Amino acid sequence: MKLTTAEALVRWLLAQRSETLAGDEVPLFPGVLAIFGHGNVLGIGTALSRFRDELPVWRGHTEQGMALAATGFAKAADRRQVGVVTSSIGPGALNMVTAAGVAHANRLPLLLLPGDTFVNRAPDPVLQQVEHFGDATATVNDAFRAVSRYFDRVTRPEQLVATLPQVARVLTDPADAGPVTLALPQDVQAETFDFPDSLFETVVHRVPRPRPDARELAGAAAVLRSAERPLLVLGGGVRYSGAGARALAFAERHGIPLVETTAGRTLVPHDHPLHGGPLGITGSTSANALAGAADLVFAIGTRLQDFTTASWTVFDESVKLVTLNAARFDAVKHGALAVVGDADASLAELDLGDWRVDAAWSARAASERARWDAHITSLRSASGEPTYAQVVGVVNDLSAPGDYVMTASGGLPGELIGGWRGGGEVAMDVEYGFSCMGYELAGAWGAAMALPDRVVTTLLGDGSYLMLNSELFSAAFAGHPFVAVVCDNDGYAVIARLQEGQGGTPFNNQYADCRTVHGEPPRVDFAAHAEALGCLVFRAGSVVHLRSAYQKAREAAAAERRPAVVVIRTRPDAWTDAGAWWEVGVPTSLSGHPDLVAGKSRQLRHTRR
C-alpha cells in the first residue's frame, strides 16, 4: 500500500486496539491532541485530516498542556489507552519535554510525535532549527531522550515497519510503560513507501500478566509467615493490575493491615477495619505509626519513593522488606526480597495456608486510623478563614462513589491524600511522581475525555492556575466538562512553609515577601479570568458558600458540557501534618534552628542506613 510516512503512521494508530481491565475492547489510541506548525502541518497534519472521522483530533493551546492532558487521560484509563500529541519542531516540541517527564516519573504511557528538521538538509538551516557546531545530527528533539522510555528518529519511511511494534510494546508493557517519542523529520513525513498490508491489520493489545518465579514466591511466603507484625503497602501497580480486590481479600484472609501510597490511594474502602490510611509525608499518622511498628513490609506495585517512606525514616531499622512488582528494576530496590510479576496474578498464587497474624496487630489499624479520622474531622470543622482541609472536606462530602478527584502540587496533595475518605473505588489522581504545577487543569481535561460519564474534580492553588491555565479554554471549546476548585492563598504557600520551617527567611514565595515596585501590587481575579476562557464560574466566600458553589458547579458543568471553576480564598498557613520526616538540603548556617532539632536524630539514623 503506497502511503506517505505520516499516512502509514495514522493508519497504524487506527488499527491498534486494547483490552480494558473490564475485558472490553477499545481503541488503543482514541484521539490525538495537536498544534500544527511548519514542521508537522503538511505531513502528519494532512494525514490526520484525511482520517478525521475515524481518529478524533483535539486542538490545544499549549504543547505542554496537551501532553499533560494526554498523561491525565492515560492515568484515568488505567494505562489501557494512550493519548497521542503532535507538535512542530522548535519551541512546540520542547514545550512537551516537561510533560514527558511527568509521564516518565509516573510510569504512564504517552505517544509524542514532534516534527523534526529536514533529513536531506537542503533548506539548511530552517526556521526554529538550533545548530550544533560539532554534531550535525543533533536537534532539539534529542532533549526527549532523557524522558522517554523509547525514542526513535524516523529518517526513512520503511523504518516504521521495525519501530512501530516497539512503540506498542512499551506503551502496553506493565513494567516499561512510559512516554514514547517518535521524532518525524518534515521531509520524511511526506515521503512515500510501499508499506506491507500486514502493518495495518487490527491488533488487540492485552496487557500481559507475568507470573512470578516459583522460588521467589516460595521465599516470600516463608518470610511473610515468619512475621509477627506485617504491613501491606499498596501502590499504583495494584491499581493498574486491577488487583485491589485481590489484595484486600489477601489481607482479610491473613489479618494483615493495609496502607496506601499516593498512586495506590482509594484502593481500599476508608472504613475497612484493616485500613490504616495513606503512608508517608503526605499521608497519615495512623499509617506511619503502623509502618514504624511493623517488623515486615510487603510492598506491592510501588517503587517506595521518598514521600512514601518519609526519606526512609518511617520504617524501623530492623524491618524486613518484601516487594512484588512487575518491573524488576523497582522490585530489587532497597535490598528487598524481590518477587517479579503481575500483582493480581502473583497474589492469586501466593499461598500462606491458614496462617494469620495476631488479632491485636490486626485491630491496631482501625484504632490508629480512628485517631487520625478524629483529627481530620476537627480540621474540617474549624472556624475562621477557609483552609485546604475544609475545601477537601466539602468536595469529599458532596462527591458520588463514581467521581474522580485530582491534584498535583503545592499543599493540596497532602490534604487530598491524607484527608480523603473513599469507598474503595479507584477515584484519585495525585500527580506526585513529578509534582508538576499546571498538571491540575490540563490533566483534568484529559481525565474528562477518558471519563465522560463521571464527574472529574481538580483542586489547585493560585500558583498552579497561573502556571498553566490555557487548557481551560481547550476543554471549554471541545466540550469536556470538569470542576476546578481554585484556592487562592497569595502565592507559593507550601514552599514558603518548607522554607520557613527549615529555618529560612520568608523570601520570594508569598506575594508579601516578593520584590515589587508597587505599593499595592495588582491582584488576579481568577473568576473573571476563567470566565473569559469560556468557563462557568462560581465564587465562594466561606466554607458554607463553598458547599453551595461546588454543588452548583457540578450540576452546571455536566449540563453545559464545559469546565466550571469555583474560586475561594484560603489560609496560607494551615496544613494537615502527618508528622513524618522529609530529608531536604538544609544549609549548614540553618542547622541549629530550633525547628530542626527534633528531626536531627532521625536524619542521622537515615545517614547510617
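**Entry 1: strands E15, E16 and E17**

I started at Val-322, which stands opposite Leu-337 in strand E17. The model is a predicted one. I then looked up how the two strands are joined. E16 and E17 (residues 337–340) are linked by four bridges and run parallel.

Next I checked E15. Strand E15 (residues 296–300) is joined to E16 by five bridges, again in the parallel sense. I noted one pair here: Val-297 has Leu-321 in E16 as its bridge partner.

Is E16 buried or exposed? I found five of the six residues of E16 (residues 320–325) buried, so the strand is largely enclosed by the rest of the structure.

**Entry 2: the sheet from E5 to E8**

I traced an open sheet of six strands, in the order E5-E4-E6-E7-E9-E8, with parallel pairing. Which strands stand at the edges? They are E5 (57–59) and E8 (150–153), and each pairs on one side only. I also noted the turn between neighbouring strands of this sheet, which averages 20° with direction ignored.

Inside the sheet I picked E6 and E7. Strand E6 (residues 84–87) pairs with strand E7 (residues 110–116) over four bridges, in the parallel sense. Val-85 has Leu-112 in E7 opposite it.

I then looked for helices on this sheet. H6 lies across E7, E8 and strand E9 (179–185). The helix runs at about 160° to E8.

**Entry 3: H6 against H1**

I stayed with H6 and looked up its packing with H1. The axes of helix H1 (residues 5–15) and helix H6 (residues 159–172) come within 12 Å and cross at roughly 35°. H1 passes H6 in a right-handed crossing.

Which residues make the contact? From H1 I listed Thr-5, Ala-8, Leu-9 and Trp-12. From H6 I listed Leu-160, Leu-164, Val-167 and Ala-168. Sorted by class, this contact has seven nonpolar residues, one polar residue and no charged ones.

**Entry 4: H3 against H5**

I moved to another helix pair. Helix H3 (residues 63–76) and helix H5 (residues 97–105) have axes that come within 8 Å and cross at roughly 15°. Angles under 35 degrees count as roughly parallel. H3 and H5 are therefore roughly parallel to each other. H3 passes H5 in a right-handed crossing.

I wrote down both sides of the contact. H3 brings Gln-64, Ala-67, Leu-68 and Thr-71. They meet Thr-98, Ala-99, Val-102 and Ala-103 in H5. By class I have five nonpolar, three polar and no charged residues in the contact of H3 with H5.

**Entry 5: the sheet from E19 to E22**

I went on to an open sheet of six strands in the order E19-E18-E20-E21-E23-E22. The pairing in it is parallel. Why is one side of E19 and of E22 left without a neighbour in the sheet? Strand E19 (428–430) and strand E22 (536–540) stand at the edges with a single partner strand each, so one side of each has no neighbour in the sheet. From one strand to the next, the twist averages 15°.

I looked closer at E18 and E20. Three bridges join strand E18 (residues 404–407) to strand E20 (residues 456–461), and the two run parallel. In E20, Val-456 is the bridge partner of Tyr-404.

Two helices caught my eye here. Helix H17 (residues 412–419) packs on the sheet and touches E18, E19 and E20. The direction of H17 makes about 145° with that of E18. Helix H16 (residues 388–398) lies across E20, strand E21 (483–488) and strand E23 (564–569). H16 runs at about 175° to E20.

**Entry 6: H16 against H23**

I finished with the packing of H16 on H23. H16 and helix H23 (residues 543–560) pack at an angle of about 45°, and their axes are 10 Å apart. H16 and H23 are therefore oblique to each other. Their crossing is right-handed.

I listed the residues that meet. On H16 they are Gln-390, Val-391, Val-394, Val-395, Asp-397 and Leu-398. On H23 they are Val-543, Leu-546, Arg-547, Tyr-550, Gln-551 and Arg-554. How many of these residues are charged? I have three charged residues, next to seven nonpolar and two polar ones, in the contact of H16 with H23.

Key: Residues are numbered from 1 along each chain as its sequence is written. This is a predicted model: local features need pLDDT of at least 70, side-chain atom pairs count only at pLDDT 80 or more; totals for chains, interfaces and linings use all residues. Side-chain values use heavy atoms; hydrogens and water are left out. Axes are lines fitted to C-alpha atoms, for helices over the stretch in contact, and angles run from 0 to 180 degrees between N-to-C directions. Angles under 35 degrees count as roughly parallel, over 145 as roughly antiparallel, 65 to 115 as roughly perpendicular and the rest as oblique. A crossing is left-handed if the near helix is turned anticlockwise from the far one by less than a right angle, and right-handed if clockwise. Contact means heavy atoms within 4.5 Å. Ala, Val, Leu, Ile, Met, Phe, Trp, Tyr, Cys and Pro count as nonpolar, Asp, Glu, Lys and Arg as charged, and the others, Gly among them, as polar. Two strands pair if DSSP finds at least two bridges between them. Buried means under 20% relative accessible area, exposed over 50%, partly exposed in between (1.4 Å probe, protein chains only).
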